[in-house]
Amino acid sequence: MSDPLALRALSEAEAAALPALLARAEHLAGAVLLGAHGRRRAGAGDDFWQYRPSQIGDSRRAIDHRRSAMGDTEFVREREWQIAQSVMLWVDQGASMRFSSDDAIPQKIDRARVLALAVTILLNRGGERVGLTGTALPPRAGRPQIMAMAEMFCRDDMADYAPPEHRGMIPHARAVFISDFMGDIDSVRTALTKAADRGVRGVLCHVLDPSEEAFPFTGRTVFQSMGGSMSHETLKASDLKTRYLARLAERKDELQSLCALTGWHYGVHHTSSTPQAGLLWLYAALDAKAVAA
Amino acid sequence: MMVLGSIGFTAPWVLLALAALPILWLLLRAVPPAPVKRRFPGVALLLGLKDDESVSDRTPWWLLLLRMLAVAAIILGLAGPVLNPETEQAEGDGPLLFVIDGSWAGASRWPQQQEAIDAQLTRASRLGRTVGFLTLTQPNPPVFQSADAWKSRLAGIAPAPWQPSTAMIDAAKDALSGVGDFDTLWFSDTLDYAGRNDLLETLQQRGTVEAYQTATNVLAILPATYEDGAVQLRVIRAAAGEERDVTIQAQGRDPAGNARILGVATATFAEGATDAQTALVLPSELRARITRFNIAGQRSAGASTLSDDGLRRREVALISARENREGLELLSPFHYIEQALSPTADLIEGSLADTLPANPDVIVLADVATLTDAEARPLTDWIEGGGMLVRFAGPRVAASDISRVDEDPLMPVRLRSGGRSVGGAMSWGEPKALSPFTNGSPFFGLNVPADVTVSAQVMAQPDPTLAERVIASLSDGTPLVTRKTLGQGQIVLFHVTATAEWSTLPLSGLFVEMLERLAVSSSTAGSTIAALEGTTWSPRRVLDGFGTLSDAGSLPGVHGPALIEEPTGPMLPPGLYTSGDRTMARNVLTQDATITRATWPSDVTVRGLAVAPEQPVAGWLLSLSILLLLADVVVTLALSGRLLGRSNAAAAVLGVLLLLGAPADAQTAADDFALAATSELTLAHVVTGNAQVDDIALAGLRGLGDTLFFRTSVEPSQPMSVNLETDELAFFPMLYWPITPEQPTPSAGAYAKLNHYLRSGGMILFDTRDADTASFGASSPNGRKLQELAAPLDIPALEPIPEDHVITRTFYLLQDFPGRYNSRDVWVEAAPPNAEQVEGMPFRDLNDGVTPVVIGGNDWAAAWAVNASGGPMLPIGRGYSGDRQREIAYRFGVNLVMHVLTGNYKSDQVHVPALLDRLGQ
């Protein structure tokens, strides 16, 4: 709290960015129809599942008298298990995400935030508890959480490449990591192994700009990272293309095998494609997980 | 000067520098480009990669070319290039006088002449000669100045609509007497005129004379006349030549008041003939509308002639009583009138309502007693505007009460009831003869035949004004014809019928003469000098040399004889002159005018006007080199990645454009508004002037738009505020109009726009914002204001929204329409009275129309309004019920927009059972 006035001004600026992000995410989430979200087995929930004859050990209060009055047997009304799952998100807020190769293409971080928030809204509507990895915003249910998440997503990280936050993982929860994974691969490995140790499974969404896939550069060039911490000069950029692409493919393979090892899903999303595509994949990947669980 | 083709160089030795260009090429190639700096997140993957070879890319060849071109342009520019250098003409020195005929004959070629003068001025400027101008149609002493000073004033010289007269030539000679020697360039209009040779001699004494004259054969048109049922047109040309067709256009205004070509005729000059004639047959309505004839393709005062009263035939509308007579009439009441008028006037028959818009000169009412108010009012206006109403009496007039107690405005006198009948089988006395016409009567001087007798008539009541209104009377002194003036027009009553029933007057030649004297039929007799003696004519519209009519302004009046006799000139410009009701045209050419081509003695050089002007191009080349260098700066920056972002590149390009001095034309605000309003569906509200109300209305529409966007396939863009006075309304499907007591009442123009908007399918949602406490009475200020605002609007009968109105089910099923208040009284266009509910149908079969207005007082905008972050702007109600009310308000908004956009689509569902039923059969 160095200067409350500055903080206030900063907060206002941040708040001004929120509705737009929220509205776009809501709009995106509106495109996905929510299916039934039950666990397909008896448990605690709101929806009717089945009547079963009462057994020893059932509380007398559990007996459904309307059904039982139709015969001599006493029935218990079971409800479908609808226990909420905790989903933890991590969105890379590092400087490397604030990149777009063209005005028509959104920045990677923009796309990552919209996807993350849309997933948040969808899960929130499904009754799940959503939060961030780490200790900043633990998973919670309810609409206010969307606002809180949106607020957290609007914070930029000054570091060039942010390592995944792997602290505060709730055992057996699910997680979504959205990043360009350009930074140190070891931190990702650590995070995923740690998650696997705790039984956390989830989705890695690799967000890439089309120019990062194509490397369309020629001529004498000085490449700089977004934060300016790294630079690499070349006299003929076009010569680097094949070697760069090989390294990128290597990086993808590495992530893929990491995911295979830890039981995560891995997918690449390009900022040039529509956010719907990314959202549908993300949602399906999460849902597949849900069925498996 | 060195000349290469059509380009000359004033400083050719500078061109040697071009030899240095290859050296520059080598130098530029040797320097490598600066590295491009790129932000790229994937740099982490690049670290450690080495270049295969250490040769950098070279400067691209096109950049080298660009720089070379820039340098070459500088070198060429400095060498002083001149396009089309004048090499034939002798280069003189000393003052140069430009003599310009400046008559209408040169108007058609005026731009070419201006170009030729400009070229000569450029040349004079290069040679350093001073220049003076002498326009013969407006002779002023020439002032010798530098040629550049004249260049800017060249556009101010315009041709006059007359030829130089001898007086003007004399004035020109006087003007030259005080000037030293000079050379002369004479720009001739190709027509000869008196005194030209004298002037040429004078000029030749002072220096050499060169003439500029085109080979054009000047055409002119003579005043049009009306003969043999057609407009006779004559065109003349200056020199006989080959056979040639000339198209003559009759120009005038159509009934909508737009200038257009009303008729076209073609005249053919026979080979070797200098004049050609043609005739144009036009309906009289069109003929009366003609304001001028002109030769197509000729833009000069001589090639157009103005038309005046001489071409007009009077239009007479004949109107008899309504067709409610039972039996057949053996004789039309207009038989004799038609016989009398048809040779000299155009007759129109029909009802009064049909003929009045044709604006006839005279309307004849035969035995028409009463006129409805709707007929009488426009008729009175027409008379007051100068029309002439001629009425004939008859049994119907005699039997009616018209003008009995009080004088009818459309009757000249009061009438006694019944009329009288003399000399019939059941009455005493002889039929009465006419008494001679008195001195003040318009009929004075006409002979009264002895066999004209009157056996029945309507009688005038004796009144103080009667005596002065009688213009013809019977031998016993009873009035036969009375007249009064009304406004600028007059009303004449014949106290007898127009048929021979009551008198033998219509059978006699006197009847025709009387009608002529009353100017029912117009005389086309030409104006003679004697007839115009003592009259003064004031110019209304005058022609300029190009044949364009303009207001005469404060030109003085002209005496009648002078108008015909005097030649045109500054004091008598050709144009339209009026005196009283009469209009006369004074044209450039008179009926007997001829034109001849000017010839030049052999010692005068004659040139054509087609001159490729000398044009220094050094400035252009130097500008080009600067542009190329600027482009080089931008390109170099872009190549090395130092152009920060595309916006800066755009700014740089914009800067270059600004330097070019040709900024793209800014689109007008209206275009921007139209684009903003039409690129997407846009909701709009009317600006009230109250900032708070306007803000809430805009925020409300934003909230409604968001709701529509999220819930329906209607995806409106940002709402707009509409100013009724200035903005186009047609772009908006609906307008939200909050009422404030202090808002200004729209102007008449704005109301016209609003009515057009409502009629063409727009909808206005009026919101008094007072919870409808007044029930649209005048008991609340907003209600009063609404009544005041809506009074001039074209609003149909209204009713409170019925339960089965389509607005209750266009998207949501609704029965309440709350806003910030929850009043049930919302009014829409009333259903047709015969709409009935069919048994078994949930609602009535109301199929037509979107209601043009919805009127309520629930302050909907306040309920819809959202703030910048998307949250509600104003609190509505308390707790959950408040939220519910807001939700229903949104649903009302959605339904309303759906109603506007889809109309009665939901109502059509009613037909589905019937259609299915039919398909089954």
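On the face of helix H5 of chain A that is turned away from its buried side, you will find the exposed residues A:Asp186 and A:Asp197. I should say at once that what we are looking at is a predicted model, and I will stay with this helix for a moment before moving to chain B.

The buried residues of H5(A) are A:Val188, A:Ala191, A:Leu192 and A:Ala195. They cover an arc of only 95 degrees around the axis, and therefore they sit on the same side of H5(A). If you ask what covers these buried residues, the cover includes strand E5, residues 174–179, and helix H7, residues 237–262, of chain A. As for its length, H5(A) has 13 residues, from 185 to 197, which at 1.5 Å a residue should span 18 Å, and because its end C-alpha atoms are indeed 18 Å apart, the two values agree. After the helix comes A:Gly199, with a positive phi near 80 degrees.

Let me turn now to chain B, which holds 26 helices and 42 strands. Of its 921 residues, 35% count as buried, and among the contacts in chain B with a separation of 6 or more, 75% are between residues 24 or more positions apart.

Helix H4 of chain B, residues 110–127, can be read in the manner I used a moment ago. Its 18 residues should span 26 Å at 1.5 Å a residue, and the end C-alpha atoms are 25 Å apart, which agrees. Its buried residues are B:Gln113, B:Ala116, B:Ile117, B:Gln120, B:Leu121 and B:Ala124. Because they cover an arc of only 140 degrees around the axis, they lie on the same side of H4(B). Among the elements that cover them are strand E6 (130–135), helix H5 (147–153) and strand E8 (183–187) of chain B. Just after H4(B), B:Gly128 takes a positive phi of about 70 degrees.

Finally, how do helices H3 and H17 of chain B cross? The axes of H3(B), residues 61–78, and H17(B), residues 618–639, come within 8 Å and cross at roughly 155 degrees. Since angles over 145 degrees count as roughly antiparallel, that makes H3(B) roughly antiparallel to H17(B). The crossing in which H3(B) passes H17(B) is left-handed. On the H3(B) side, the residues making the contact include B:Leu63, B:Leu66, B:Ala70 and B:Ile74, while H17(B) contributes, among others, B:Leu621, B:Ser625, B:Leu628 and B:Asp632.

Methods:
Residues numbered from 1 in each chain as written. Chains lettered and ligands numbered in written order. Predicted model: local features only at pLDDT ≥ 70, side-chain atom pairs only at ≥ 80, totals over all residues. Helix = DSSP H or I, 4+ residues; strand = E, 2+ residues; numbered from the N terminus. Expected span 1.5 Å × (residues − 1). Buried ≥ 20, exposed ≤ 12 C-beta atoms within 10 Å, placed from the backbone. Arc of directions from axis to C-beta. Contact = placed C-beta atoms within 7 Å. Axes fitted to C-alpha atoms, helices over the stretch in contact; angles between N-to-C directions. Parallel < 35°, antiparallel > 145°, perpendicular 65-115°, else oblique. Left-handed = near helix turned anticlockwise from the far one by under 90°.
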